[in-house]
Amino acid sequence: MDKLKIAIARGATCSGCEIEFVDINERLLDVLGIADIVYAPTLMDIKHKDVEAMPDKSIDICLYNGAVRLEESEYEAKLLAKKSKIMVAFGSCAYTGGIPGLANITNRQKIFETVYRDTASTENPDFVVPQTKCEVSGYELTLPELFDEGVKLLDDVVEVDYYLPGCPPLVGQINTLLDVVINWVGGKGELPPKGTVIASSKTLCEECNREKKENMRIQKIYRPHEIEIDPEKCLMEQGIICLGPATRGGCGAKCINDGNMPCRGCGGPTAAVLDQGGSILSAIASVLNITDSESTVTDEEIEKMVSQIVDPLGTFYRFGLPASLLKRKVTEKVV
Amino acid sequence: MADEKFEPNILVFCCNWCSYAGADLAGVSRLQMPPHFRVIRTMCSGRVDPEFILHAFSKGIDGVLVAGCHVGDCHYIGGNYRTRRRVPLLKNMLKQFGMDSERLKLDWVSAAEGDKFQKVITEFTEKITELGPSPYRAK
């Protein structure tokens, strides 16, 4: 039997996903026994032209991590989709935009101003910013263009077969994916239907061990460092915003159960909803200090209550702004 | 295009027990209202998931009005307690998305307040017409 061919491609990523792939530990030896990694710029010296030379659909599986926000990433994603049989959006950034997706509340010009001029450690009086083309001693040098229209998902540029959520996806999820693909290559199993998200179909609350009360109520909202967090009680009940109710399970609620920290929502929306932010907004607002004397509460008091959440957009869409319904910030015409 | 009159698209969510009846009363009383709105009836204003509103805005709607029973009068006792928290929180978030938060409005209309429904719709339509087309329209 021919060896399985794996590609590990990358867009806007911190490379944490690749590190997590190595975290499958000794199984890596088994994987390398039956598979060849044919493309992985993080691990080896390989260029686009080498991939271009490969026959179409010659790679069995491509794990693409990172969001798409450079011309070059889009080209790379399209190239690998052409050369691969299975395309996997590996990790939150490829799946829902991830942390780089938060760039959708600004634009290229403002990003350049912050990064190349305004930060405290930057000295750039002429405001030199990256150009897509420039000439140096008679040679033309090029750089890929950063999209002005914002961060794209892998799904926006190519057809994706499977999604592996998580920042990064955990070893258990990676092993599930490997099992399925190895069985398929060995003729011992079928592939799951296209579009499958390799995680749980339920919310994270199903995997959380904390005690949850029937009549839960948030009295005051705290940030995690402001209080001593009780490891037994539901975080929401303690006033800590936890994205668990609106987030897909599959990670075993590691942050909550082992880390005593709230969920930040890297698993993306559950199968039943369109918008993770809308879903958690609804959940939090529903338990925001509703008491028996509600009729005496004024609209001003409600305003104060909801204003405790200082950055709803950043909190509710931390890992999924480009995958949300509104996708990015707009500018209202001034009347 | 510039001198063409702007006709807004407005979506109104009415709860079954109060506001829908209020809208009906406004209709049967032949109260005159601008014709730019479409009503979707939900069982309670608490059924209006913020996702519905975000979905409407993503499709380019210019304004969304949520109408429910007055606080204390909810048919399900506490449905509108949730609504009155969700809408202001959603407004705060819409501001961060760069939208004018006045494109979303929450008001209470009872089954007996046909005239209030007329007033709320008229004022809201005027406001949205003044604001112009939603910035998400072209997307």
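Which residue takes a positive phi just after α4(B)? Keep that in mind as you read; the reply comes with the helix itself, in point 4. Please note from the start that this is a predicted model.

1. Chain A as a whole. Welcome to the structure! Chain A holds 12 helices and 8 strands. Its C-alpha atoms fill a box of roughly 70 × 60 × 35 Å along the principal axes. Of its 335 residues, 47% count as buried. Among the contacts in chain A with a separation of 6 or more, 73% are accounted for by residues 24 or more positions apart.

2. The surface and charges of chain A. About 17100 Å² of chain A is exposed, and carbon and sulfur atoms supply 52% of that area. The chain has 36 positive and 50 negative charges, and the mean positions of the two sets are 2 Å apart.

3. Helix α4 of chain A. This helix covers residues 71-83, and at 1.5 Å a residue its 13 residues should span 18 Å; the end C-alpha atoms are 19 Å apart, which agrees. Its buried residues include Ser73(A), Glu74(A), Glu76(A) and Ala77(A). Further along, Leu79(A), Leu80(A), Ala81(A) and Lys83(A) are buried as well. If you would like to see what covers them, look for elements including the strands β1 (4-10), β2 (35-39), β3 (59-65) and β4 (84-90) of chain A, together with the helices α3 (48-52) and α7 (154-157).

4. Helix α4 of chain B. Here the 18 residues 114-131 should span 26 Å at 1.5 Å a residue, and the end C-alpha atoms are indeed 26 Å apart. The buried residues are Gly114(B), Phe117(B), Val120(B), Ile121(B), Phe124(B), Thr125(B), Ile128(B) and Leu131(B). Seen down the axis of α4(B), these buried residues fall within an arc of 125°, so they line one face of the helix. The face turned away from that buried side carries the exposed residues Asp115(B), Lys119(B) and Glu126(B). Cover for the buried residues comes from elements including β1 (10-15), α1 (19-28), β2 (37-42), β3 (63-68) and β4 (104-108) of chain B. As for the opening question, the residue is Gly132(B), with a positive phi of about 85° just after α4(B).

5. Glu18(A). Is this residue of helix α1 (residues 16-22) of chain A buried or exposed? Glu18(A) counts as buried because its relative accessible area, 9%, is under the 20% cut-off. Leaving aside neighbours within four places in sequence, Glu18(A) is in contact with Ile8(A), Arg10(A), Thr42(A) and Asn65(A).

6. Leu191(A). You will find Leu191(A) in the loop between α8 (171-185) and β8 (196-197) of chain A. Leu191(A) is partly exposed, with a relative accessible area of 26%. Not counting residues up to four places away in sequence, Leu191(A) touches Ile86(A), Tyr162(A), Val180(A) and Trp184(A). Of these partners, Ile86(A) is 105 residues away along the chain, and its C-alpha atom is separated from that of Leu191(A) by 10.0 Å.

7. Phe52(B). This residue is in helix α2 (residues 50-58) of chain B. Phe52(B) counts as partly exposed, at 29% relative accessibility. Phe52(B) touches Phe13(B) and Arg47(B), again not counting residues up to four places away in sequence. The C-alpha atoms of Phe52(B) and Ala21(B) are separated by 22 Å, with their positions 31 residues apart along the chain.

Notes. Residues are numbered from 1 along each chain as its sequence is written. Chains are lettered from A and ligands numbered from 1 in the order in which they are written. This is a predicted model: local features need pLDDT of at least 70, side-chain atom pairs count only at pLDDT 80 or more; totals for chains, interfaces and linings use all residues. Side-chain values use heavy atoms; hydrogens and water are left out. Helices (H or I, at least four residues) and strands (E, at least two) are DSSP runs, numbered from the N terminus. The expected span of a helix is 1.5 Å times one less than its number of residues. Buried means under 20% relative accessible area, exposed over 50%, partly exposed in between (1.4 Å probe, protein chains only). Contact means heavy atoms within 4.5 Å. Accessible areas come from the Shrake-Rupley method with a 1.4 Å probe; for residues, only the protein chains shown count as cover. Lys and Arg count as positive and Asp and Glu as negative; His and the chain ends are not counted. The place of a charge is taken as NZ of Lys, CZ of Arg, CG of Asp or CD of Glu. The arc is that of the directions from the helix axis to the C-beta atoms.
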